[in-house]
Amino acid sequence: MRVYNFSAGPATFPEEVLDQAAKEIKNYKNHGLGVMEMSHRSSEFIDIAEETEADLREVMNIPKNYKVLFLQGGATGQFAAIPMNLSKEGGVADYIINGSWGKKAAKEAEKYIGVNIAGKAEPFNFIPSQDDINLDENAAYVHITNNETIEGLKFDYIPDTGGIPLVGDVSSMILSEPIDVSKFGVLYAGAQKNIGPAGLTVVIVRDDLLDKARGNTPMIWHWGDKSIAGSMLNTPPTYSWYLAGLVLKWVKSKGGVEGLCEINKRKAGKLYDYIDSSDFYQNDRQKDQRSLMNVVFTLPDPDLDKKFLTGASENGLKTLEGHRSVGGMRASIYNAMPEEGVDSLIKFMKEFERDNG
Ligand SMILES: *Cc1c(COP(=O)(O)O)cnc(C)c1O
């Protein structure tokens, strides 16, 4: 029996995708071998790679003047790749920080570039407003984390950068709601939340930003070199790329990103509604800044946390503990979390409140 897995990442997969991958694992489309075993230069794999990119472009409405790269190294690899690709030595970049991942991104960037903290929300329970952002106008780029996975906070607007390229970490919200790609210079995401398995990193870069890399940028993270080589400068994460392709077919079957967004709003909406209606559970985020993907909440007494987690686990509701840095609970309800999983969670939360409130 499968459990409902609320892990923040690697995260739950659509069951239909797992079934199809299992069916094809040894013999893909009668080629007599599995995708994992294929040369990345074979025409079979090139077809998979190209179709996956085309589907991503379609569901995200990615304009023609953007390249899509399929890399390795995770979002964390990009924390360093971003300053290396976008700035000369001695430059400066703006970071707007409203959560743990933004903070990490800025810290890593500091090795390569001067970091101007252009906006900061501490404690991390709100998003700095446009008026509270102080950009350095010489900045090579402005970095935001569109959805802060640990704090359960998402940007409710796209900052106006006055023409400075905007870079967005969309690791935990890509494909969950429409994004206007044209407002960004770069979008990047580790795959393991909403796209596919760990090991694949998707980077979407506007053409005019491909030739700004420093000479000492490692070639595997050099967006320009990579895009020239079709993300195949060396062996790409082929199996993860293929699985991302299956996930994208599934996304299309759900009405695309727009269709999933409706479902996601309903799923998150009922969970937040219940939390708000209860005196037992709490989430203090502003309503329009609450994440659709990572719903954080606390119990009235942290001493109850363990009992809650044990009870949830016995009911097939797994991985609900908040990130170790913030405590409390976190239900990650990515695209692949069925609505029934959210319903089961709410049912359990009600029972737990009744017995312990
Ligand atoms: C998970 C996550 C990361 C880290 O991703 P890795 O692929 O493990 O490097 C970075 N940013 C955000 C917003 C995340 O959710």
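## Backbone: positive phi

Thr319 sits in the loop that runs between strand S12 (317-318) and strand S13 (329-332); helices (H or I, at least four residues) and strands (E, at least two) are DSSP runs, numbered from the N terminus. The model is predicted, so local features need pLDDT of at least 70 and side-chain atom pairs count only at pLDDT 80 or more, while totals for chains, interfaces and linings use all residues. Residues are numbered from 1 along each chain as its sequence is written, and side-chain values use heavy atoms, with hydrogens and water left out.

Thr319 is not a glycine, yet its phi is positive, near 60 degrees. Thr319 counts as partly exposed because its relative accessibility is 37%; buried means under 20% relative accessible area, exposed over 50%, and partly exposed in between (1.4 Å probe, protein chains only). Asn61 is also a non-glycine residue with a positive phi, here about 55 degrees. The loop that holds Asn61 connects helix H2 (43-60) with strand S2 (66-71). Asn61 has a relative accessibility of 63% and therefore counts as exposed.

## Backbone: cis peptide bonds

The peptide bond between Gly9 and Pro10 is cis, with omega about -10 degrees. Pro10 belongs to the loop between S1 and H1. Ala11 is placed in that loop as well, between strand S1 (4-5) and helix H1 (15-24). With a relative accessible area of 13%, Ala11 is buried. From Ala11 to Met60 the sequence separation is 49 residues, and the C-alpha to C-alpha distance is 21 Å.

A cis peptide bond also leads from Glu122 to Pro123, where omega is near 0 degrees. Pro123 is found in the loop between strand S4 (114-120) and strand S5 (142-145).

## Ligand site

There are 13 residues around the ligand, and those that come nearest are Thr76, Thr149, Asp169, Gln192 and Lys193; a residue is near a molecule or strand if one of its heavy atoms lies within 4 Å of it. By element, helix H3 (residues 74-86) gives the most to this shell, with four residues. By class, the shell holds eight polar, three nonpolar and two charged residues. Here Ala, Val, Leu, Ile, Met, Phe, Trp, Tyr, Cys and Pro count as nonpolar, Asp, Glu, Lys and Arg as charged, and the others, Gly among them, as polar.

Polar contacts to the ligand involve both its oxygen and nitrogen atoms. An oxygen atom of the ligand is 2.5 Å from a polar side-chain atom of Thr76. In the side chain of Asp169, an N or O atom is 2.6 Å from a nitrogen atom of the ligand. For Lys193, a polar side-chain atom is 2.7 Å from an oxygen atom of the ligand. The ligand alone exposes 390 Å², of which the protein buries 87%; accessible areas come from the Shrake-Rupley method with a 1.4 Å probe, and for residues only the protein chains shown count as cover.

A polar contact is a pair of N or O atoms within 3.5 Å; within protein, one must be able to donate a hydrogen and the other to accept it, and residues adjacent in sequence count only if both atoms are side-chain atoms. One such pair within the protein involves Asn85, a residue of helix H3. A polar atom of the Asn85 side chain is 2.9 Å from the backbone nitrogen of Trp223. The relative accessible area of Asn85 is 1%, so Asn85 is buried.

## Cavity

One cavity of 30 Å³ or more is present. On a 1 Å grid over the protein atoms alone, a cavity is a set of points where a 1.4 Å probe fits but cannot get out, and lining residues have an atom within 4 Å of a point. Grid points are joined across faces, edges and corners, and a volume is the space filled by probe spheres set on the points.

The largest cavity has a volume of about 100 Å³. Its lining consists of 14 residues, and Thr12, Pro14, Lys193, Asn194 and Ile195 are the closest to its centre. Eight lining residues are nonpolar, five are polar and one is charged. Lys193 thus appears in both settings, since it lines the cavity and is also among the residues nearest to the ligand.

## Two further loop residues

Glu37 is part of the loop between H1 and H2. Its relative accessible area of 54% makes Glu37 exposed. Glu37 lies 11 residues from Lys26 in sequence, and their C-alpha atoms are 9.0 Å apart.

Ile174 is in the loop between strand S8 (166-169) and strand S9 (186-190). Ile174 counts as buried because its relative accessibility is 1%. Ile174 and Val202 are separated by 28 residues in sequence and by 9.9 Å in space, C-alpha to C-alpha.

Conventions. 1 Å grid on protein atoms, 1.4 Å probe; cavity = no way out; pocket = protein on both sides within 12 Å on 5 of 7 lines; lining within 4 Å.
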